[in-house]
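Trainee: Hi! Could you walk me through this one before I head back to the bench?
Mentor: Happy to, let's look at it together.

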Amino acid sequence: MSDKRRAEIEAKRAKLAELRKARADRQRAETERRQTEPGPSSVARRDVDDLVNQLVGSRSGLDTGGDITPSSSLPNTPPRPSTNLLHGSALSPSGRVSRQSDVGSDRDRVSMGTTMVGMMEHVDRVLTPRFIPDLIDVEQELFELPQRERVIYNKEVQTTAIETETPQVSEDEIRQQIMRERELEAERIAQDKELEEESVQLEKEIEQEIRELTEEERSHILSAPEFLDFVEQSSKIVQRALNDGYDYIRDYTIGTEANGDDSEGKRVKRICAFYDERYGKNRSITDVDWSPKYPELSVASYNKNPAALNEPDGIVAVWNLHLLDRPEFVFHSQSDVLSVTFSPFHSNLVFGGTYSGQILLWDTRSKHLPVLKTPLSAAGHTHPVYAMQMVGTQNAHNLITSSTDGTVCSWLVDMLAQPQETLELIHAGHNKTGEVAITTLDFPDNETTTFWVGTEEGNVYQANRYDRAGAKAGLNQYDIYKGHAGPVMGLHFHPLVGPVDFSDLFLTTSVDWTVKLWRATSLAKPSTGAHAISPIYSFDEADDYVYDVKWHPAHPSLFGTVDGSGRFDVWNLNTDTEVPVVSTNVGSGRAINKLQWDRKDGRRAALGGSDGKLYVYDIGDMALPRESEWTDLQKTITGFVGGGQANGVADGIVAGR
């Protein structure tokens, strides 16, 4: 209904514009015609000019026949030739007409009925005796004294007259032309009046159409996808500007107060807490990640809301530090999303692992639904996917995913129909089943084929994607990293940064309330028999489940942990190995499930809480390492290994890489 009404209004507006254009064109054509075509006034003026020229021409002919007035005395008349002087010599003995003869001949000039013959006879009779002498004197005198030319500037002198033959226009034709012009003028006035009335009517109809929108039509417009997209995009821009923390009315001439800022002196400061009642209610955050290209963007995955049956089971929200009240993007899933990651090589792509075993791919340029997803078949995962990681380079990379049934799959980003590789991790020493239930997975920075997995039984295993020298593809049956008494919740290798290589160190967390530091065995010398590896140090300060741990991306001795009591602990091994340097209670005290440092400089940490809130904290200058941090960490690790019994840990077994 709305589209039809809009089309009618547009058609009326187009018709109105066409009518106005036609009227303007007609007025312009009428003006041009009047300028180019001669009117009756010009014709009448031409007739008057012709009549005047005829009268002036006949008068000049009369003067040449016997006018007593010299031709040079007439305005605009050149001097007469000598033939006129011969006629003048017959009029007077001196060659000039006397005043008496001039008066006597006035009656002849006034009365056109008097014949020229009688006058000539009278003149001959009177002037015959003195004809010859006067003729000679006058002719000689006038010929030697040329007349001075009188210059008179008028239209005839200054312009050149072009003789054109103009058709004679009769009075009837002039009258008919005038009548035609009157009829055309009356017709034009009538058309203008009709156009004006139609314009007014169209404007009234348009106003009436615009005003009279029913409630149904209004709701239809407000629910249109185009209108909703416009409101979504424009409101985001406005909210980004409103959420800017800068004080635009700050007066720099006023001194600051003595007490300073509330956050002054705190080493860890909360920047914001992302939460939207619509998406986060009754949900917990299961995983977090930072965008590799845009440092202000972070992503969080959410599990099911049991109280909302009509909402999607899984949610993935992309949050912006400049847009605090709502997420920048929201993606939907048919199952709980347990793991999420940004693609480090494509800034628009977001991958998610679900409880059903599907791998989903969302694109920020698309809508809420995934653009690609894996099938629910035995070719891929059929159990929950708790861990995933992208490995490789810009031109050759794969997505590695693992599920609790011991399956590890390698996927190409643009083809999720089936995995490129499938690896089943099976351990023969298990009593009831050979499967290894994987809860977490990580690759060292310098590796793309060998990785370590944490399991529900509490052990950590090494596995290979391919056969390599001295080791086959699959699970390493011999090297068992034993130390935890419960499922391993987090595992992270030391980043490969700085002058010293610590990439063989990794941290693990568990529900046994501990964080343990391990050194990976050398890949060049694999074990040939069952070999239990113990951690080189254990951090037992926590009072609840420790859900995640992450090394700092820039500082070698810094790492963070989050636990079930809602604490965010920052550890510095060069400062203290017994207690964290900073311990912060996050939110309302509910568990914090995931931790992730930002990829730019590591100043900010994203914390995913079980209350559905995504917290962002800034650790300030603690993220800036000194030059001696790497050598200090070497000494600390050496002290761990050489100490034997370290914090309740058995003898550490060290194998250099």
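Mentor: One term before we start: two strands count as paired if DSSP finds at least two bridges between them. Also keep in mind that this is a predicted model.

Trainee: Got it. Which strands form the open sheet, and in what order?
Mentor: Four strands make it up, in the order 6-7-8-9, with antiparallel pairing. Strand 6 (337-342) and strand 9 (372-373) sit at the edges, each pairing on one side only.

Trainee: And how many bridges link strand 7 and strand 8?
Mentor: Five bridges, in the antiparallel sense, join strand 7 (residues 349-354) to strand 8 (residues 359-363). If you want a spot to click on, valine 350 in that pairing faces tryptophan 362 of strand 8.

Trainee: Let me jump to leucine 416. Where is it?
Mentor: Leucine 416 is in the loop between strand 12 (407-411) and strand 13 (421-424).

Trainee: Buried or exposed, that leucine 416?
Mentor: Leucine 416 has a relative accessible area of 2%, and buried means under 20%, so it counts as buried.

Trainee: What does leucine 416 touch?
Mentor: Leaving out residues up to four places away in sequence, leucine 416 touches Ile359, Leu361, Leu372, Lys373, Thr374, Pro375 and Trp411. Take isoleucine 359: it is 57 residues from leucine 416 in sequence, yet their C-alphas are 7.8 Å apart.

Trainee: Change of topic: how many residues does helix 13 have?
Mentor: Helix 13 (residues 629-642) has 14 residues, and its first and last C-alphas are 20 Å apart, close to the 20 Å expected at 1.5 Å a residue.

Trainee: Which of the residues in helix 13 are buried?
Mentor: Those are Glu629, Trp630, Leu633, Thr636, Ile637 and Phe640. They cover an arc of only 115° around the axis, so they lie on the same side of helix 13.

Trainee: Why would residues three or four places apart point the same way?
Mentor: An α-helix has 3.6 residues a turn, so that spacing brings you back to the same direction.

Trainee: What do the buried residues of helix 13 pack against?
Mentor: They pack against strand 19 (505-510), strand 20 (515-519) and strand 22 (537-539). On the face turned away from that buried side, helix 13 carries the exposed residues Lys635, Thr638 and Gly642.

Trainee: Which residue in the loop between strand 19 and strand 20 should I look at?
Mentor: Try tryptophan 513, which lies in that loop. Tryptophan 513 has a positive phi of about 75° although it is not a glycine. Its relative accessible area is 41%, so tryptophan 513 is partly exposed.

Trainee: And what about asparagine 282, what is its phi?
Mentor: Near 60°, again a positive value in a residue other than glycine. Asparagine 282 is in the loop between helix 12 (277-280) and strand 2 (285-290), and at 44% relative accessibility it counts as partly exposed.

Trainee: Back to the whole chain: what pLDDT does it average?
Mentor: It averages 76, with 72% of the residues scoring at least 70. Residues 256-265 fall below 50, and that stretch has two contacts beyond near neighbours in sequence. Residues 645-657 also stay under 50, although the model gives them 35 contacts beyond four places in sequence.

Trainee: Last one: how many helices and strands are there in the chain?
Mentor: The chain has 13 helices and 29 strands. Of its 657 residues, 40% are buried.

Methods: Residues are numbered from 1 along each chain as its sequence is written. This is a predicted model: local features need pLDDT of at least 70, side-chain atom pairs count only at pLDDT 80 or more; totals for chains, interfaces and linings use all residues. Side-chain values use heavy atoms; hydrogens and water are left out. Helices (H or I, at least four residues) and strands (E, at least two) are DSSP runs, numbered from the N terminus. pLDDT is the predictor's confidence in each residue, from 0 to 100. Contact means heavy atoms within 4.5 Å. Buried means under 20% relative accessible area, exposed over 50%, partly exposed in between (1.4 Å probe, protein chains only). The expected span of a helix is 1.5 Å times one less than its number of residues. The arc is that of the directions from the helix axis to the C-beta atoms.
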